[in-house]
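Me: Could you take me slowly through one part of this structure, namely the salt bridges, and then show me what lies around them? I am in my first year, so please spell out each step.

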Amino acid sequence: MDLDLRKLRYFVAVAEHRQFGRAAQALFIAQPVLSRQIRAFEQELGCLLFTRTTRSVELTPAGRQLYDEARRITTVVDSALRRVHEVERGEQRLIIAFSPGLHVSDAIRAFTASHPKVQIDVFPLRWWEQDAPLRDGRAHVGYLRRPFDDSGLRTVPIGHETKVACLPVTHPLAGRHTLTSADLDGEPILDVRTRRTSSLEEKFELIASGQGLALVPLSVAGSYSRPDLVYLPVTDALPVETCLAAPESTCAGPVPDFLDIATATLRRHTGDAEMEVAGTAGPPPDDSGHQGRKSGGHAVRRLTE
């Protein structure tokens, strides 16, 4: 069968709104029309996508699978159409994705100085989809942290980041200067295996409320400082590699030039930051001159200044 993209978009709207009336309003069509289109789509597929009651609309297992697939399909189609229109208008656009805490502004400034006609967009990445936007066309280049699936991608190493432990200011370990992995044995660690969160903000809110601890890259800690959290170096934690990535099929346009310029720029800045962190022994003294308990991520902020 040929997949009807219009019906697929109708399905996605119902799946997201979980109500035919609201989905019809969002699509600017009548509710009876939407209901008929969804029934026709189910008949074409040969399976039920929704279980319907008088009060709710829920996805069936097949519907949940299609919803996951549909979001990728519609994203790829939308990205392809955007690129077609940009070529038709003679535009050059570069979309740069970046992981939380990583900064590409210096690389963008250096690239724009020699390529002023290329339009630049930035794409903040969510932690669970590092490489996905590079594969579905939402981004041309990514500044990422490993691990991620690098199959089919050209990757360029940039540097390494140390990890710090994030814990609530009320935690018994919060008064320490540094920690080791052994200090964290038996502590509830919030990661993808134990508790998947939808955002870093959600994770830090859980930590602050005493639900667990987390190991985060130093730049993430510096970007999400708050007074009820403490960030402490973990002396034996393995560093995290940062790198630039782009699809191997990208060999024309502004991407290769950006990779060359960004590599030199980011390596230089990353090297400076790593030397500064390496030269810092423990958390800095507080305002009274004593190396005491730190709150609000002050140690991280000063390490990355």
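Reply: Let us begin with one pair of side chains in this predicted model. R138 and D136 are joined by a salt bridge, in which the closest N and O atoms are 2.8 Å apart. To decide whether these two residues are buried or exposed, we look at relative accessible area, where a value under 20% means buried. R138, at 18% relative accessibility, therefore counts as buried, and D136 is buried too, because its relative accessible area is 11%.

A second salt bridge brings together the side chains of R145 and E161, with 2.6 Å from N to O. R145 belongs to strand β5 whereas E161 belongs to strand β6 (residues 153–161), so this pair ties together parts that are 16 residues apart in sequence. The cut-off of 20% applies here as well: R145 has a relative accessibility of 7% and so counts as buried, while E161, with a relative accessible area of 11%, is buried.

Strand β5 covers residues 141–145, and V141 has its place there. V141 counts as buried because its relative accessibility is 0%. Along the chain V141 and R154 are 13 residues apart, and their C-alpha atoms are separated by 9.8 Å.

A third salt bridge links E205 with R226, the closest N and O atoms being 3.0 Å apart. Since E205 sits in helix α7 and R226 in the loop between α8 (218–223) and β9 (229–233), the pair ties together parts that are 21 residues apart in sequence. E205 has a relative accessible area of 48%, so this residue is partly exposed. Salt bridges can also join into a network, as they do for D131, R135 and D149, and the count of salt bridges in the model comes to 15.

Helix α7 leads us on to the largest pocket, which holds about 920 Å³ of space. Two or more residues of its lining come from each of α7 (200–208), β8 (214–217) and β10 (240–247), and β8 gives the largest share, four residues. The lining has 33 residues in total, and those nearest the centre of the pocket are P147, K163, K203, L215 and P217. By kind, the lining divides into 19 nonpolar, three polar and 11 charged residues.

Finally, we can turn to the surface, where W127, W128 and V192 make a nonpolar patch of about 270 Å². W127 is found in the loop between β4 (119–124) and α6 (132–136), and this residue counts as partly exposed because its relative accessibility is 30%.

Terms used: Residues are numbered from 1 along each chain as its sequence is written. This is a predicted model: local features need pLDDT of at least 70, side-chain atom pairs count only at pLDDT 80 or more; totals for chains, interfaces and linings use all residues. Side-chain values use heavy atoms; hydrogens and water are left out. Patches are made of residues with over 30% relative accessible area and no salt bridge: like charges are joined within 9 Å, nonpolar side chains (Val, Leu, Ile, Met, Phe, Trp, Tyr) within 5 Å. Accessible areas come from the Shrake-Rupley method with a 1.4 Å probe; for residues, only the protein chains shown count as cover. A salt bridge is a side-chain nitrogen of Lys or Arg within 4 Å of a carboxyl oxygen of Asp or Glu. Buried means under 20% relative accessible area, exposed over 50%, partly exposed in between (1.4 Å probe, protein chains only). On a 1 Å grid over the protein atoms alone, a cavity is a set of points where a 1.4 Å probe fits but cannot get out, and a pocket is an open set with protein on both sides within 12 Å along at least five of seven lines; lining residues have an atom within 4 Å of a point. Grid points are joined across faces, edges and corners, and a volume is the space filled by probe spheres set on the points. Ala, Val, Leu, Ile, Met, Phe, Trp, Tyr, Cys and Pro count as nonpolar, Asp, Glu, Lys and Arg as charged, and the others, Gly among them, as polar.
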